[in-house]
Amino acid sequence: MTKPEFIRRLQAASRKSRQYFVAGATALGLCMVGAAAITSWKEHGGLAWTGSFDFGKGLLFAGLIVMVLCLLLAGAGDLGVPCVKCGKRLQGVAAQIAVATDNCGYCGGKAFDEVELDKPA
Ligand SMILES: [Zn+2]
């Protein structure tokens, strides 16, 4: 894997991770607003047929579960890119070190394949 490919794969993993986080945060936010609306509605006499079941808390709990699942997916999606020499996955600071120095922070070897440059004829 060449350095540009490595950077492209890192960016793709980071983008996917960010999308999961935004989806989870959005779901949690919507559930919080929904829970507040349902709680207020119930306090003002609405939803009498639900009895003592608290839909607001249920919705809030569902939002939290969705957020946790999205955080797990975000973490799983950002497992980094493997070093070509030792195979350890480079992510976060280790990936930044590899990009800056061209060397793997774990094995010290070249983290990328050489880029084949066009040679003049
Ligand atoms: Zn390595």
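Which residues does V81 touch, not counting residues up to four places away in sequence? The legends below take up this question together with the setting of V81.

**Figure 1. Overall architecture of the predicted model.** The protein comprises three helices and two strands, arranged along the sequence in the pattern α-α-β-β-α. Its radius of gyration is 23 Å, well over the 14 Å that the globule rule gives for 121 residues, so the protein is more spread out than a compact globule. Along the principal axes, the C-alpha atoms fill a box of roughly 80 × 30 × 15 Å. Of the 121 residues, 17% are buried. Among contacts with a separation of 6 or more, 56% involve residues 24 or more positions apart. The mean pLDDT of the protein is 86, and 93% of the residues score at least 70. Confidence is lowest in strand 1 (residues 81-82), with a mean of 84, and highest in helix 3, with a mean of 92.

**Figure 2. Helix 1 and its buried residues.** Helix 1 contains 41 residues, which at 1.5 Å a residue should span 60 Å; the C-alpha atoms at its ends are 60 Å apart, in agreement with that expectation. The buried residues in this helix are F6, L10, S17, G24, C31, A35 and I38. An α-helix has 3.6 residues a turn, so residues three or four places apart point the same way. Just after helix 1, G45 adopts a positive phi of about 95 degrees.

**Figure 3. The largest nonpolar core and the surroundings of V81.** Ten residues form this core: F6, L10, V81, C83, L90, A95, A98, C104, A111 and F112. Helix 1 (3-43) and helix 3 (93-101) each contribute at least two of the core residues. In soluble globular proteins, nonpolar side chains tend to be buried together. With residues up to four places away in sequence left out, V81 touches F6, R9, L10, R89, L90 and A95. Of these partners, F6, L10, L90 and A95 also belong to the core.

**Figure 4. Environment of A111.** A111 lies in the segment after helix 3. This residue is buried, because 28 other C-beta atoms lie within 10 Å, and the cut-off for burial is 20 or more. Although A111 and C83 are 28 residues apart in sequence, their C-alpha atoms are 5.1 Å apart in space. Apart from neighbours within four places in sequence, A111 is in contact with C83, V84, K85, L90, A98, D102, N103 and C104.

**Figure 5. Backbone conformation at D102.** D102 is found in the segment after helix 3. Its phi is positive, at about 70 degrees, although D102 is not a glycine. Most residues other than glycine have a negative phi. D102 counts as partly exposed, with 14 C-beta neighbours inside 10 Å. Its contacts include A111.

**Figure 6. K85 in the loop between the strands.** K85 is placed in the loop between strand 1 and strand 2 (89-90). With 16 C-beta neighbours inside 10 Å, K85 counts as partly exposed. Leaving out residues up to four places away in sequence, K85 touches C104, C107, G109, K110 and A111. By contrast, K85 and L72 are 13 residues apart in sequence, with their C-alpha atoms 29 Å apart in space.

Methods: Residues are numbered from 1 along each chain as its sequence is written. Helices (H or I, at least four residues) and strands (E, at least two) are DSSP runs, numbered from the N terminus. The radius of gyration is taken over C-alpha atoms; the globule rule is 2.2 Å times the number of residues to the power 0.38. A residue is buried if 20 or more other C-beta atoms lie within 10 Å of its own, exposed if 12 or fewer, and partly exposed in between; C-beta atoms are placed from the backbone. Two residues are in contact if their C-beta atoms, placed from the backbone, lie within 7 Å. A nonpolar core is a set of buried Ala, Val, Leu, Ile, Met, Phe, Trp, Tyr and Cys residues joined through C-beta atoms within 7 Å. The expected span of a helix is 1.5 Å times one less than its number of residues. pLDDT is the predictor's confidence in each residue, from 0 to 100.
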